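Me: Please take a close look at one helix of this protein, and then at the pockets found in the same model. I would like one connected account rather than a list.

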Amino acid sequence: MTSSAGSSGTSVPRQKQRRSRRRSGHTPGRDSPALSALGDFQTLPLEIFQMVLNYLSVKDISMLSMVSKTISGRLINYISTSSGSRRLLQDFHQELPARREGASILEHYRALGLLLKRCTLLLPTRDRLKYVHKVLSGVSCFKLNGCASPLHCLGLQCYGVFLQILTAGWDELECHRVFNFLWEFSNLARKVQTVVSSKPGSARRLELRIRLFCRGVLLSPGSRRSDSAFWLTRILKPWPMVNQARLLYIIFGPVSSRDGHVVWQKMIEGPTDETSLKGLADAIKLLYGTEAREWTADDVISLVDELSVVPQEWLMENNARLLLLSGNSICFTFMASKAVNGRAVELARLMVFMVLVCEKDLYCMDWAVKMMQKVCKVFSTPWERNNFLQCLENSFARMLMDMLQAVLAGERDEEDSSFLNLFHLMNAQANFHKEILYLAMGSTSSTS
């Protein structure tokens, strides 16, 4: 009797507990960790959840991905669906709404890069790259040869800002894997081999494609200098020096304003302007800087030397202008290397063109005088220094005579360039010697 009473006494609370659970809607096993991580979204069917995502901006979806691993997994599945792809991947050649044009579409892909970075945070680098490739593989404008009109397409730039955000903060080993993945996927090694080993301009379309891919994707505008130095090093280092110079010209050299193709004869046919040389100068400064740890000063000087004969020997004035744009350190190191190697005549001629460029481009002439002073200190003996100074004056005289002879011979074109060259060189020589006299007289007065 006691046992029966005890049994019935214990059964009543259990029945109440079951009724309480039924009233509250909970059943045993319902609150699994995966479902609880979804929060209120666990009550929504998957289709409704994905419909909700269509009303969120990419930035909002990116924030949502950090709520839990379960939600992040659902977002990964959503991105892989056809509706998710249509929502997140833009067609660059359809009529786009105003908010998606220009800078806005770049911002969209920047946000998409952050979304995929967060969604794949827990995956190994190799798996992250495979997933990203799977998501982006349908965008033809992200491929080296995928776009029919690459000059009028933002596809590669968008791919660049996407990768820039995706790889931000990754260590160097991971970035090496990214480069190797892109290099293999785009088959860049074979294509670069084709353009650097063939006659300049014979593969113009491929040169253009490589230029746009490297500048838009790997050397994305707005990247940190250290990142740009890393990617440019990865592009150039696998090749011999002669091919490095060729590739540098393809990526950063002057191009036609009409069709965007590389202009190979620009440095050979006549003096060029700063605009045509700025890209090359900036690249040289990048490789010479502290960010490019794999490049020595000798490496960069050798590259500049090799560049000056691509595709043939440049006009000396263009050499001088490139060095001036590259900065004082590179300019001095390049000239000092010639002084050390006993190339006084070549150095003197380069110095004359430095003076001429200073006159033409309105640089302060005292810069040229100070550079000459620094170079003179490199010579180990007074005889070597005096020999260089004599070569310098001989170069001035020889160039003046050659230009005067061209004017007297009536060699004129529409711009009367022969007379203008003579005019600039005479002014350059006068201003250069004037600065030397100022310096000499200042030294004399200070010692007296």
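Reply: What follows begins with helix α14 and then turns to the two pockets.

The model is predicted, and the values below are computed from it. Helix α14 runs over residues 241-252, and because each residue should add 1.5 Å, its 12 residues should span 16 Å, which agrees with the 16 Å between its end C-alpha atoms. This helix is mostly covered, with 10 of its 12 residues buried; the buried set begins with Asn-243, Gln-244, Ala-245 and Arg-246, and continues through Leu-247, Leu-248, Tyr-249, Ile-250, Ile-251 and Phe-252. These buried residues pack against α11 (188-197), α12 (204-218), α13 (225-236), α15 (266-269), α16 (274-288) and α17 (297-307).

Two of those partners, α12 and α13, are also among the elements that give two or more residues to the lining of the second largest pocket. That pocket has a volume of about 470 Å³ and is lined by 28 residues, with Cys-175, Ser-226, Asp-227, Phe-230 and Trp-231 nearest its centre. Helix α13 supplies the largest share of this lining, seven residues, and by class the lining divides into 12 nonpolar, eight polar and eight charged residues.

The largest pocket holds about 800 Å³ of space, and of its 33 lining residues, Pro-271, Leu-315, Met-316, Glu-317 and Phe-353 are the closest to its centre. Here α20 gives the largest share of the lining, seven residues, while the classes are 13 nonpolar, seven polar and 13 charged.

Technical notes. Residues are numbered from 1 along each chain as its sequence is written. This is a predicted model: local features need pLDDT of at least 70, side-chain atom pairs count only at pLDDT 80 or more; totals for chains, interfaces and linings use all residues. Side-chain values use heavy atoms; hydrogens and water are left out. Helices (H or I, at least four residues) and strands (E, at least two) are DSSP runs, numbered from the N terminus. The expected span of a helix is 1.5 Å times one less than its number of residues. Buried means under 20% relative accessible area, exposed over 50%, partly exposed in between (1.4 Å probe, protein chains only). Contact means heavy atoms within 4.5 Å. On a 1 Å grid over the protein atoms alone, a cavity is a set of points where a 1.4 Å probe fits but cannot get out, and a pocket is an open set with protein on both sides within 12 Å along at least five of seven lines; lining residues have an atom within 4 Å of a point. Grid points are joined across faces, edges and corners, and a volume is the space filled by probe spheres set on the points. Ala, Val, Leu, Ile, Met, Phe, Trp, Tyr, Cys and Pro count as nonpolar, Asp, Glu, Lys and Arg as charged, and the others, Gly among them, as polar.
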